[in-house]
2 protein chains.
Amino acid sequence: MNIGAAAARSGVSAKMIRYYESVGLIGAASRSQAGYRIYGDADIHRLRFIRRARDLGFSVEKITALLGLWSDKGRSSASVKSLALAHIDEIRRQIGELQSVLATLEDLAQHCHGDNRPDCPILDDLSHGRPQ
Amino acid sequence: MNIGAAAARSGVSAKMIRYYESVGLIGAASRSQAGYRIYGDADIHRLRFIRRARDLGFSVEKITALLGLWSDKGRSSASVKSLALAHIDEIRRQIGELQSVLATLEDLAQHCHGDNRPDCPILDDLSHGRPQ
DNA sequence: GATGGGGCTTCCCACGATGGGAAGGTCAAG
DNA sequence: CTTGACCTTCCCATCGTGGGAAGCCCCATC
């Protein structure tokens, strides 16, 4: 299977497959006589794993660790879980930050009458760091 | 005031002040005879505005629009509010995505016993796209 | 007046993950 | 054999930020 077919079957673009190879997330694919990369079912499986993990927000670096645990038959589920929990904490932190920003903006927008007058608490806040 | 002092007083690094100038977010600063950038209180004010807006997650592009409205005495608060509301929607969307990912990960982590056995629903999900 | 240290300048590079595109080789169908 | 789709490598761009080098400038201290 060429890289295009592998991309279609894995949901990872050809561009990204080459990129993942360049950063060592997947090993160098074997090549045809013409130099085309050749992939098998195991590669598709691995690429789908990567795709799913990316969708869940894991960085390439974290996925490297996950892939190591995935292929390590003797690993403990505890080590996988700790990676997942760390990621969960990170996401919770991001959500918290966004919610804080959101609350500020909602508050500002609520106090902005939004008509044709130029007075605007939003700009006042941006300008002075404090409402009014 | 030189760029270092302006950075200290605005909370925007000297690097970023030069960057904002290069992308047109702030005008080119006047220069001393030696070529040093010179800033005044109005510039500090503008930089603080930018800093605050960045903290609230506005992109440089959006800040360009906000700055335009800020300096336009005849603008309506409605136009500012619509920018803010669009940003609010964007943040809500981001929070929603993160919450969806979080729910998935929490579910997976909850079903991973996290002991020394190798069975791990997290890796199973990443591997097959569906638990088990 | 010389010297040193810190600040300023511009320019290049890096991040992370992704896409775009050019130039050139290859394959398969007609 | 031609044509079009596919593959290769290489470079560039994104977005906002930081690091660092080479070279000039300013001020204080000796």
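## The surface near DNA strand D

Around DNA strand D, the nearby residues split into 8 nonpolar, 5 polar and 6 charged. For that split, Ala, Val, Leu, Ile, Met, Phe, Trp, Tyr, Cys and Pro count as nonpolar, Asp, Glu, Lys and Arg as charged, and the others, Gly among them, as polar. A residue is near a strand if one of its heavy atoms lies within 4 Å of it. Before going on, a word on what you're looking at: this is a predicted model, where local features need pLDDT of at least 70, side-chain atom pairs count only at pLDDT 80 or more, and totals for chains, interfaces and linings use all residues. Residues are numbered from 1 along each chain as its sequence is written, chains are lettered from A and ligands numbered from 1 in the order in which they are written, and side-chain values use heavy atoms, with hydrogens and water left out.

So who sits around strand D? Of the 19 residues there, A:Gly4, A:Arg18, A:Arg37, B:Lys15 and B:Tyr20 come nearest. Sugar or phosphate accounts for 71% of the atoms of DNA strand D within 4 Å of the protein, and bases make up the rest. Three phosphate contacts are worth a look, in terms of polar contacts (a pair of N or O atoms within 3.5 Å; within protein, one must be able to donate a hydrogen and the other to accept it, and residues adjacent in sequence count only if both atoms are side-chain atoms). A polar backbone atom of A:Gly4 is 2.6 Å from a phosphate oxygen of DNA strand D. From the side chain of A:Arg18, a polar atom lies 2.7 Å from a phosphate oxygen of this strand, and an N or O atom in the side chain of B:Tyr20 is 2.8 Å from a phosphate oxygen of DNA strand D. Helix 1 (3-10) and helix 2 of chain A, together with helix 2 of chain B, are the elements that give two or more residues to this surface. Helices here are DSSP runs (H or I, at least four residues), as are strands (E, at least two), numbered from the N terminus. Helix 2 of chain B brings the largest share, 4 residues.

## The surface near DNA strand C

DNA strand C is surrounded by 19 residues, the closest being A:Lys15, A:Met16, A:Tyr20, B:Arg18 and B:Tyr36. By class, there are 8 nonpolar, 5 polar and 6 charged residues on this surface. Sugar or phosphate makes up 68% of the atoms of strand C within 4 Å of the protein, with bases supplying the rest.

One contact goes to a base: a polar side-chain atom of A:Lys15 lies 2.4 Å from a base oxygen of DNA strand C. On the phosphate side, an N or O atom in the side chain of A:Tyr20 is 2.7 Å from a phosphate oxygen, and a backbone N or O atom of B:Gly4 lies 2.8 Å from a phosphate oxygen of the strand. Helix 2 (14-22) of chain A, plus helix 1 (3-10) and helix 2 (14-22) of chain B, each supply at least two residues. Helix 2 of chain A gives the largest share, 4 residues.

## How the two chains are related

Lay chain B on chain A and you get an RMSD of 0.1 Å, using a turn of 180° and a shift of 0.0 Å along the axis. The two copies are thus related as by a two-fold rotation axis. In chain B, the C-alpha nearest that axis belongs to B:Ile95, 3.0 Å away. The superposition is by least squares on the C-alpha atoms of residues with pLDDT of at least 70 in both copies.

## Where the chains meet

Chain B puts 51 residues into the contact, and chain A puts in 51 residues, with contact meaning heavy atoms within 4.5 Å. About 4,300 Å² is buried between the chains, 70% of it from carbon and sulfur atoms; buried area is the accessible area (1.4 Å probe) that two parts lose on being put together, summed over both. B:Leu105, B:Leu123 and B:Leu126 lose the most area in chain B, together 15% of what that side buries.

The interface also has 11 residue pairs in polar contact (both at pLDDT 80 or more). On the chain B side, helix 3 (41-55), helix 4 (60-71), helix 5 (77-111) and helix 6 (121-128) each supply at least two residues. Helix 5 of chain B gives the largest share, 20 residues.

## Salt bridges

The whole structure has 16 salt bridges over all chains, and 4 cross the interface of chain B and chain A. The rule asks for a side-chain nitrogen of Lys or Arg within 4 Å of a carboxyl oxygen of Asp or Glu. One of them joins B:Arg52 and A:Asp125, at 2.9 Å from N to O. This pair runs from helix 3 of chain B to helix 6 (residues 121-128) of chain A.
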